[in-house]
Amino acid sequence: MSASQGQAARVTGADVAGTLSFRALGQGSGAARRWLGAHRGAVTAIALSVVSLVAWFSACTQMSVSEYTDLGLYSATTLRFWLALVGGVVALVIAIRASRFSHLAALCAVSVLVAVLYSTPSVVEGTPRVEAVYRHLGLIQHFATTGQLERYLDAYSNWPGFFGILGIVQGATGVQNLLVLAVWAPTIAALSYIAPVLLIARSLNPSPRVAWLAVSIFLAANWSGQDYLAPQTFALWALLSIAGIVMTVLRRKDDASAEGPAGPLIDRLPRVLGRTFGRSANRSWVAAEGTRVRLTSAEWVGVHVLLCVAIIAISAAHQLTPFMLAMTLLLLWAIGRSPHWWLWGLSILVIVFWLAVPALPFIRGNLPSMISGVVDVFTGSGTDDGPTLGSRTASGSVLHQLVVEVRIRETLAVWILAGLGALVMMASRRRAREAILLAGSPLLLIPVSAYGGEILIRAFLFGLPLMAFLAAVFLLWTCAAGGWRNGVLAVVLVALVGTTVLTRYGNERGESFRPSEIGALDWLYAHTAPDATVVQFTQNTPRPIERYADNTWVFLNNGSPGPRWPQQVTPSRLVAYGLATRELGKASRRDQPIYFIYNRAQTELAELSGNTSAAAMQRSVREMDADPRVRTIYRNADAQIWRLRPGVRPVTGLDQAELAGRVGETASAG
C-alpha cells in the first residue's frame with residue numbers, strides 16, 4: 001500500500017469514528033428530549049420552586065419588624081414575597097397535575113410553602129417568637145444543669161418527657177442553650193409533619209396526588225401557631241405518626257370491608273336515617289380503600305414496640321394529646337381499621353397511671369381551676385390560664401378583631417371543603433368513615449377540657465389532617481378535567497396560603513421579641529445573684545432562659561385578649577406585689593432582692609389585645625423612673641430593669657385581697 005493510500009485510509013477511519021460519535025450524541029440528545037418531554041411537569045415544578053425560594057429569601061431580607069402593625073407580619077410583606085408565594089403554589093399545582101407524577105417535584109413545591117409560612121419569622125426576626133418558648137428553654141436549661149425538674153413549679157414539670165429529652169441533648173452537646181433550635185422549630189415541625197400526614201392520606205386513598213395535596217392544605221391552613229418549641233408540637237407529630245402507622249400497617253387481615261365492632265351500629269342506619277340513605281351510606285363506607293403495607297413477623301414486632309414507646313412518650317410529654325390518642329385508637333378499632341383493642345387499652349391505662357401517680361399532686365392542687373376552665377370555654381370571662389372564645393372575638397384593636405374574624409372564616413372554609421370532599425367520597429363509593437369520624441372526633445374534647453378557649457384551637461389542629469385530606473379529594477375532583485380548572489385550584493390555594501399569612505402571624509407585633517429584649521434578660525442573669533424575685537408588668541417577656549427555678553418569676557397583669565385591665569400597672573402595685581410574693585415564697589428568698597422588668601413586647605401585646613393603651617404603659621414606666629423606692633439598674637431601647645431599694649415596707653391602702661390572689665395564681669407559674 002502506498003503512503004497516499006494509507007493516509008486516505010486513516011482519514012476515512014477518522015471520519016467514520018466522528019460520524020459514529022455524532023450519531024451517538026444525536027441518540028443521546030433524543031433520549032434526553034424524550035425524558036424531558038415525559039417529565040416536563042416535574043422539571044418545571046422543581047425549577048419554579050427553586051426560583052420561588054430565592055425570591056422568598058430575597059424578600060425576607062427586605063422585611064423589618066419595625067414595620068409590623070396590628071396585622072402583624074402581613075403588614076411588612078413586599079411584592080417579591082407575594083410573587084414567591086404565588087410561584088410556590090403554581091409549582092405545586094404543576095407537580096400535582098403533571099402527566100407523570102414526581103414525589104420530588106411535589107416535595108420541592110411543598111418546601112416553598114413551608115418556607116413562606118413557617119420560616120419567614122425565623123429569617124426576618126432572628127429570635128424565637130412566642131413567650132412560652134422562653135419558659136420551655138428555661139425548663140430545658142434547668143434539667144440540663146441539674147438533672148431534675150421541680151414538680152412544685154408548674155404543670156410542665158409534671159409532664160416532663162419533652163423537656164427531659166431536650167435537656168439530655170443540651171447537656172450531651174455542651175451548648176449553653178437551644179435558642180437556635182427554638183428559632184427554627186416551626187420549620188422543623190412543619191417538615192416533620194409531611195411524612196405522617198402522607199401516611200394517613202395514602203391509607204385512605206392510593207393516589208399520591210391526593211396525598212400531597214392533603215399535606216399542602218394541612219400546612220397551608222394551619223394558622224394555629226402551635227408548632228413552636230413545645231411539648232404539644234412533639235406530641236402532635238407522634239400522634240399523627242401513630243395514626244399513620246396503624247392505618248397503613250396494622251390492618252384487619254386484608255379485608256377492606258371489615259366493619260369492626262361498630263358494624264352492627266352501621267347496619268341500623270337504614271332504620272334510623274331512612275332505608276335508602278342508610279344503605280347507600282353503609283355500602284359506600286366499606287368500599288375500596290387506600291394503600292396498606294405488608295410486614296414480616298420481625299417487622300410486625302418492631303412496629304408494635306415502637307408504638308408502645310410512642311404511646312408512653314406522648315403521655316409523659318403533654319396533658320391533652322394522650323386523650324386524643326386514646327380516642328383515635330378506639331375509633332380505628334371500633335370501625336375495623338385496626339384489629340388490636342389493646343392499643344387503645346394501653347393508651348388509657350398509661351393515661352390513668354400518669355394522672356394517678358406522677359401528676360397526682362398537680363391534679364389535687366389545681367382541680368378547681370381545671371373545672372372552671374371547662375365552664376369558661378365559650379364564655380367571655382377569661383382567666384389567667386388563657387383567653388376564652390368570647391374574649392378572643394370581642395376584644396382588642398379593630399385590626400386584631402379583623403384577624404380573629406378571618407381566622408374563623410378560614411376555619412369554616414376548610415370545613416366546608418372537607419364536607420364537600422366527604423360527599424364526593426360517598427358518592428363515588430369510597431371508604432369515608434375513617435376520615436369523617438377522625439376529623440370530627442376532636443370536637444368531643446371541648447366539653448371535657450380545662451384549656452379554656454385554647455381547646456378550640458387544639459380541636460381544630462387535631463382534626464386538620466383529615467379535614468385537609470377531604471378538602472384535597474374535593475379539589476382534585478373538581479379539576480379532574482384539567483384545563484382552566486387547574487387555574488381554579490391554584491387560585492384556591494393562593495387564597496388559602498395568603499390568608500394564613502395574616503391569620504397565623506396577625507399577632508406578631510406582640511409575639512415577637514427583639515435581640516435587645518433578650519439582651520436585657522441576659523444582663524440580669526450575668527449581673528444578679530440567684531434566688532431573687534422578678535416582677536414583670538405582664539407575662540409577655542422572653543424569660544426565663546436561665547434560673548427557671550432559681551428565681552421567682554411573676555407578672556402583675558395578664559396581657560392577652562380579654563377585657564381592659566380594671567387597674568393599670570403602677571409602682572405601688574408592683575412594689576406591693578413583689579413584697580407579697582417574696583414573703584409567701586421560700587424562706588431562703590425572703591432577704592433577696594426584688595427586680596422589676598419592662599420590655600417593648602409587653603406594651604405591644606397589651607395594646608393589641610385591648611388590655612390598655614401604649615400611653616398608659618409608658619406612663620407606668622415614667623412613674624417607675626420617678627419612684628424613690630426603686631432605681632434603674634439597666635436600660636436599652638426596648639427594655640428596662642429596676643431594683644427595689646433596701647428597707648422598703650409593704651404598701652398600705654391597696655387591695656390586699658386582689659394582690660394575694662394574684663400571688664397565688666402566678667407565684668408558681670414560672
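These legends describe close-up views of one predicted model. Residues are numbered from 1 along each chain as its sequence is written, and side-chain values use heavy atoms, without hydrogens or water. Because the model is predicted, local features need pLDDT of at least 70 and side-chain atom pairs count only at pLDDT 80 or more, while totals for chains, interfaces and linings use all residues.

**View 1. The largest nonpolar core and helix α20.** This core has 110 residues. A nonpolar core is a set of buried Ala, Val, Leu, Ile, Met, Phe, Trp, Tyr and Cys residues joined through side-chain atoms within 4.5 Å. Buried means under 20% relative accessible area, exposed over 50%, and partly exposed in between (1.4 Å probe, protein chains only). L213, I217, L219, I242 and F469 have the most contacts inside the core. Helix α20 (residues 454–478) supplies the largest share, 18 residues. Helices are DSSP runs of H or I with at least four residues, strands are runs of E with at least two, and both are numbered from the N terminus.

**View 2. Surroundings of F469, and a second core.** Which residues does F469 contact, leaving aside its neighbours within four places in sequence? They are A201, L204, N205, V210, A214, M425 and A435. Contact means heavy atoms within 4.5 Å. Another core lies apart from the largest one. This other core has 40 residues, including L137, Y228, F513 and A601.

**View 3. R129 and its two acidic partners.** The structure holds 14 salt bridges. A salt bridge is a side-chain nitrogen of Lys or Arg within 4 Å of a carboxyl oxygen of Asp or Glu. E508 and R129 form one at 2.8 Å, N to O. E508 sits in helix α22 (residues 508–511), and R129 in the loop between α4 (103–125) and α5 (131–146). The two are 379 residues apart. Both are buried. E511 also forms a salt bridge with R129, with the closest N and O atoms 2.9 Å apart. This pair, too, links distant parts of the chain, 382 residues apart. Is E511 buried or partly exposed? E511 is partly exposed, with a relative accessible area of 23%. For R129 the value is 10%.

**View 4. A salt-bridge network around R509 and E604.** The closest N and O atoms of E604 and R509 are 2.2 Å apart. E604 belongs to helix α25 (residues 600–608), R509 to helix α22. They are 95 residues apart. Both E604 and R509 are buried. Salt bridges with shared partners join D70, R509, E517, R600, E604 and E607 into one network.

**View 5. The five-stranded sheet and helix α23.** The sheet is open, with strand order β2-β1-β3-β5-β4 and mixed pairing. Two strands pair if DSSP finds at least two bridges between them. β2 (552–557) and β4 (630–635) stand at the edges with a single partner strand each, so one side of each lacks a neighbour in the sheet. Neighbouring strands are turned by 25° against each other on average, direction ignored. β4 and β5 (residues 639–644) run antiparallel and are joined by 5 bridges. Y634 has I641 of β5 as its bridge partner. Helix α23 (residues 515–527) packs on the sheet, touching β1 (533–538), β2, β3 (594–599), β4 and β5. Its direction makes about 30° with that of β5. Axes are lines fitted to C-alpha atoms, for helices over the stretch in contact, and angles run from 0 to 180 degrees between N-to-C directions.
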